[in-house]
Amino acid sequence: MSQVEFHDLNEFAGSDKRDITLSSDEIELIAVKPLPQKRRWYKFFDEYEYEDLYDGGKKEHKWYHWFDPNDTPEERKYIIKLDLIITIYCFVSYWVKNLDQSNVNNAYVTGMQEDLGLKGNALTDLTVMYNVGAVVGQLPFIYFFPKVRMDLVIPGLDIIWGLFTLAQYRAKSQGEMMAYRFLIGLAEAPFFPGVHYVLGAWFKSHEIQRRGGIFYMGNALGSTTAGLLQASIYKHLDGHNGIAGWRWMFIIDAIITIPIGILGFILWPGTPDKLHSIFLTEKDAAIAKNRARRHGLGAPKGFSWKILKQLFSSWHLPVLAFWDILFWNSSALHSGFILWLQALGTYSKEQINNYSAIPPALLVAFLFIVCFGADFFRSRWFFLCLSQLVNAISAVILAIWTVPDSAKWFAFMVQYTAIAMSSVMYGWINSCLRFDDEYRSTVLTIVNTLAQQSTVWTPLIFWQTSDAPRYYMGYVFSSVVSFTLIAWTFVVLYFYKRQEKDYYYKRLHEYEIALQTYNSEDSSEFVQQADDFTEKSLGEKGSV
């Protein structure tokens with residue numbers, strides 16, 4: 001399909017249809033198919049039931065396909081470029097972010113606790129201070145994400161958190177370390193919602209799961225290498241130049257992080273509407289906008305107070321925020337594993353750091369199953385529920401605690417299944433919000449902020465360091481949250497299907513008008529079908 005300038009369909013649908021005539025390319029872009037005559041009850045669980053009717057249709061979708069069968073050769077070249085530039089940078093950047101973040105736990109059991117005189121709930125307090133910084137740092141971006149150049153924001157903040165990571169090596173007290181953790185959280189705050197905002201601008205919603213899965217594999221790699229690096233550094237550099245091994249870890253973290261941030265200024269392109277890249281062209285941006293248009297993604301229009309009205313009148317904020325709060329709290333405290341190994345008294349510091357790499361390494365397999373499975377099999381709700389079911393079983397085992405050590409090992413090994421659903425969930429949230437870019441940015445950031453703020457106070461109640469490694473209240477809390485999240489996923493599915501049904505009828509109405517203005521000789525039959533369908537109210541009650 002040739003690249004063309006498209007009319008605003010909202011303007012078109014609300015105008016006198018004689019005033020605007022769409023081209024054949026534009027009509028093809030908004031083409032929809034009629035609903036089937038009979039609808040089976042199990043179609044409620046088909047998330048793409050309506051999207052398949054207005055976005056090219058479901059055509060030989062195989063689980064092993066990397067591309068959508070409906071993509072043109074030009075679109076496939078475009079997707080390859082995005083994967084080589086955006087997806088790979090997301091992966092590497094998240095690796096160093098989580099490397100920096102995870103090493104606090106490893107440092108705690110490798111000398112930091114003794115050197116800084118950390119007692120009581122100190123480890124929990126360090127986590128809380130990081131989360132406070134992350135919550136505060138996200139607030140301005142509720143407004144600024146669509147306004148600023150994302151090609152500068154993300155890499156620039158990478159460098160800043162690298163510098164604060166370096167500063168941790170010189171900490172002399174718990175208070176100083178807590179200040180550094182707050183500043184790191186502040187600098188890292190926009191990273192996660194910002195990456196998903198950019199992914200949502202370039203990829204279709206069903207494509208985000210795979211890319212988000214690769215992105216989140218950086219999380220797994222960061223946690224895995226944190227333990228292995230700390231073990232190696234403690235063995236080879238502890239005491240070198242009078243610097244403790246755990247302090248060397250933060251120095252090496254910064255040496256890795258800062259160059260990645262500099263590389264981001266070259267690789268990270270921003271969004272199609274604010275494109276600044278030496279690799280992506282305006283033609284690529286045009287392809288992105290055309291794909292977005294076909295998928296229903298709204299173009300940036302500028303912030304409006306109507307967004308606030310929409311924010312408090314729509315189902316999106318309460319339903320998605322509660323969903324995300326459950327997600328952020330479903331995961332058990334990952335430091336519980338190494339604190340249990342430390343409490344056993346049978347493993348050296350080097351062994352503890354090495355063993356700590358196993359659970360996040362298994363996360364790679366969990367991510368492949370959940371993220372790629374949701375994408376290939378076109379069922380986000382099933383794989384979200386699967387990941388939380390495994391996590392709930394893990395939490396129940398650890399809540400009981402009086403089980404064989406082999407059962408504890410199993411429970412700790414599968415703990416990361418809770419976060420394996422992250423990219424699938426945020427990809428789905430992107431899809432729910434895709435019709436308006438500013439609204440998407442606002443809700444996405446608020447939802448993430450509300451969820452993360454809950455982790456400021458829940459650890460103080462359920463995950464007190466003094467309860468380690470038993471954490472009875474914490475594991476009970478985690479299991480209850482996981483089961484609640486499974487149930488709430490079906491609430492999200494209900495509202496999402498209702499929204500998709502309404503949007504389908506809107507697109508059908510627009511297609512009817514387009515066909516009538518185009519005066520295609522072979523359009524009369526479908527126009528009659530469209531007339532029949534669009535007599536129904538968009539707010540029609542009934543099955544979704």
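Helix α4, which spans residues 73-115, supplies the largest share of the lining of the largest cavity, with eight residues. The structure is a predicted model, and the values reported here are computed from it. In total, 45 residues line this largest cavity, and those that lie nearest its centre are N98, Q101, T127, S331 and H334. The space enclosed in the largest cavity comes to about 1100 Å³, and the structure as a whole holds five cavities of 30 Å³ or more. Such empty space is revealed by rolling a probe the size of a water molecule over the atoms.

At the surface, a nonpolar patch of about 650 Å² is formed by L152, I262, L263, F265, I266, I278 and F279. Helix α11, which covers residues 245-267, contributes the largest share of this nonpolar patch, namely four residues. Another member of the patch, F279, is placed in the loop between α11 and α12, the latter helix comprising residues 282-295. F279 has a relative accessible area of 38% and is therefore classed as partly exposed, since this class lies between the cut-offs of 20% and 50%.

With regard to the cysteines, C385 has a relative accessible area of 10% and is therefore counted as buried, and C432, with a relative accessible area of 1%, is likewise buried, because the buried class takes in residues under 20%. A disulfide is counted where a pair of cysteine sulfur atoms lies within 2.5 Å, and by this rule the structure has zero disulfides.

Notes: Residues are numbered from 1 along each chain as its sequence is written. This is a predicted model: local features need pLDDT of at least 70, side-chain atom pairs count only at pLDDT 80 or more; totals for chains, interfaces and linings use all residues. Side-chain values use heavy atoms; hydrogens and water are left out. Buried means under 20% relative accessible area, exposed over 50%, partly exposed in between (1.4 Å probe, protein chains only). Patches are made of residues with over 30% relative accessible area and no salt bridge: like charges are joined within 9 Å, nonpolar side chains (Val, Leu, Ile, Met, Phe, Trp, Tyr) within 5 Å. Accessible areas come from the Shrake-Rupley method with a 1.4 Å probe; for residues, only the protein chains shown count as cover. A salt bridge is a side-chain nitrogen of Lys or Arg within 4 Å of a carboxyl oxygen of Asp or Glu. Helices (H or I, at least four residues) and strands (E, at least two) are DSSP runs, numbered from the N terminus. On a 1 Å grid over the protein atoms alone, a cavity is a set of points where a 1.4 Å probe fits but cannot get out, and a pocket is an open set with protein on both sides within 12 Å along at least five of seven lines; lining residues have an atom within 4 Å of a point. Grid points are joined across faces, edges and corners, and a volume is the space filled by probe spheres set on the points.
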